[in-house]
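Here is a short set of exercises with worked solutions. Keep the sequence and the structure in view as you go.

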Amino acid sequence: MAVIEAIATTYLGADAALIEFTSIPQTYEHLQLRISARQARASESVECTIRLGTGGGAVDTGNNYYSHRIYGYGTTEGSGGGTARAYWKRIGPVVSGESVDAAQYGGGVIDILDYANANKNTTALSISGSALGATYPWVNIGSGLWDNTGAVDRIAIAAYNYSGDFVRGSEFSLYGLKSS
Amino acid sequence: MAAWSVIQHDELATTTSSWSKTGIPTDGTYDHLCLKWSMRTNRSPTKYDEMGLWLNNDTGSNYSYTLLGANSATPVSYNGSSLAMAGYFRVPATASLADTFGSATIWIPNYANSTNYTQMIVSNTWPNNSTTDNEWYLQTHACMWNDTAAVDEIMVHDANSTYDMVQYSSITLYGIKGA
């Protein structure tokens, strides 16, 4: 039996503002989200934003998300954390904006460990990068905390600050990692 | 054969001082190892603890590392050698936000070869609901064990051997097989 299984993939045949994975099975130990995307926003690089849900309901829109990151932005490096927000901002992969070559799609991988454990707040670890040929290439290592011990059964991924679209050709895949 | 296999998975039922896996196959069953943990310790009254990792039960000064990390607006990079562990991987402790566990992924490529020193690539986080300096941490390490032996044992515990991993901490060791 495979340890890593594909739970769902969304490939955009047309621009879309929101990608949601719902009814995520509780049968895996960890989740891994892989994103290749581009946003319709006049920028070289743009962060994805992510919300989580539990209990079969909608995603949590409260200010319960925290994140930290280390980044390289062209020749500038930096790091920092976000105060409580209504979504994960600085962990979501940095993807390409529409100010760079249309063929450029940024990518990222996010591990969400022990997502189904109702005794733990949900935490995540990510790495992403984009726009390697542009003026402002980004690379980002991110850490996320959702202050909620509910088992995660829904993930929503939106464009920067929950505004605008992901463009056609963007792809979002969710994998489950088993523990036996 | 599946590319990934679970060699060992443990979720701690109670506070536990140490985790280890012995008898890791070195006969070509796997090409690489990957360890993932979700970890918190009972170190008190601090906000964080540091974990260590040892290969083949070697506690000699045979480990070195290069680190990129941040706990403020300024990332730092430094290195060290002749250390008695791979580690100082920060995880939440008693004074961090309750119910919050740190995540780590540790890759050990080509672990079974007996010609080269063993390299490890580590991504690790101490998440917290704070933006204050030194109340969170994010790091990526390149670690090396200066020994050519094939790795058949991994041990993890508090770097000071003083505190315990708390209930619900989990560790999963995967073996990855090439084609």
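**Exercise 1. In which strand of chain B is B:Y88 found? Then judge its phi and its exposure.**

Solution. A word first: this is a predicted model.

Step 1. Locate the residue. B:Y88 sits in strand β7 of chain B, residues 86–92.

Step 2. Look at the backbone. Phi of B:Y88 is near 65°, a positive value, and the residue is not glycine. Most residues other than glycine have a negative phi.

Step 3. Count neighbours. B:Y88 has 19 C-beta neighbours inside 10 Å. A buried residue needs 20 or more, and an exposed one has 12 or fewer. Therefore B:Y88 counts as partly exposed.

**Exercise 2. Treat B:S161 likewise. Is B:S161 buried or exposed?**

Solution. Step 1. Place it. B:S161 belongs to the loop between β11 (153–158) and β12 of chain B.

Step 2. Check phi. The value for B:S161 is near 55°, again positive in a non-glycine residue.

Step 3. Count. B:S161 has 9 other C-beta atoms within 10 Å, so it is exposed.

**Exercise 3. Which residues does a cis peptide bond join in chain B?**

Solution. Step 1. Find the bond. It joins B:S44 and B:P45, with omega at about 5°. Most peptide bonds are trans.

Step 2. Place the proline. B:P45 lies in the loop between β3 and β4 (48–55) of chain B.

**Exercise 4. In what order do the 8 strands of the open sheet in chain B run?**

Solution. Step 1. Read across the sheet. The order is β1-β12-β3-β8-β9-β10-β5-β6 of chain B, with antiparallel pairing.

Step 2. Mark the edges. These are β1 and β6 (76–83) of chain B, each paired on one side only.

Step 3. Note the twist. From one strand to the next, it averages 15°.

Step 4. Zoom in on one pair. β5(B) and β10(B) run antiparallel and are joined by 8 bridges. Within β10(B), B:L138 is the bridge partner of B:A70.

**Exercise 5. How many helices and strands are there in chain A, and how compact is chain A?**

Solution. Step 1. Count the elements. Chain A has 0 helices and 13 strands.

Step 2. Test the size. The radius of gyration of chain A is 15 Å, and the globule rule gives 16 Å for 180 residues. The two values are close, so chain A is as compact as a globular protein of that length.

Step 3. Add the box. The C-alpha atoms of chain A fill roughly 45 × 35 × 30 Å along the principal axes.

Step 4. Look inside. Buried residues make up 51% of the 180 in chain A. Of the contacts in chain A with a separation of 6 or more, 74% link residues 24 or more positions apart.

**Exercise 6. Which strands of chain A form the open sheet of 3 strands?**

Solution. Step 1. The order is β2-β12-β5 of chain A, paired antiparallel. Its edge strands are β2 (18–21) and β5 (49–54) of chain A. The twist averages 20° from one strand to the next.

Step 2. Take one pair. β5(A) meets β12 (152–158) of chain A over 6 antiparallel bridges. A:T54 has A:V152 of β12(A) as its bridge partner.

**Exercise 7. How many residues of chain B are in contact with chain A?**

Solution. Step 1. Count both sides. 33 residues of chain B are in contact with 37 residues of chain A.

Step 2. Find the main contributor. β1(B) gives the most to the chain B side, with 4 residues.

Step 3. Sort by type. The chain B side has 14 nonpolar, 17 polar and 2 charged residues.

Terms used: Residues are numbered from 1 along each chain as its sequence is written. Chains are lettered from A and ligands numbered from 1 in the order in which they are written. This is a predicted model: local features need pLDDT of at least 70, side-chain atom pairs count only at pLDDT 80 or more; totals for chains, interfaces and linings use all residues. Two residues are in contact if their C-beta atoms, placed from the backbone, lie within 7 Å. Helices (H or I, at least four residues) and strands (E, at least two) are DSSP runs, numbered from the N terminus. Ala, Val, Leu, Ile, Met, Phe, Trp, Tyr, Cys and Pro count as nonpolar, Asp, Glu, Lys and Arg as charged, and the others, Gly among them, as polar. Two strands pair if DSSP finds at least two bridges between them. Axes are lines fitted to C-alpha atoms, for helices over the stretch in contact, and angles run from 0 to 180 degrees between N-to-C directions. The radius of gyration is taken over C-alpha atoms; the globule rule is 2.2 Å times the number of residues to the power 0.38.
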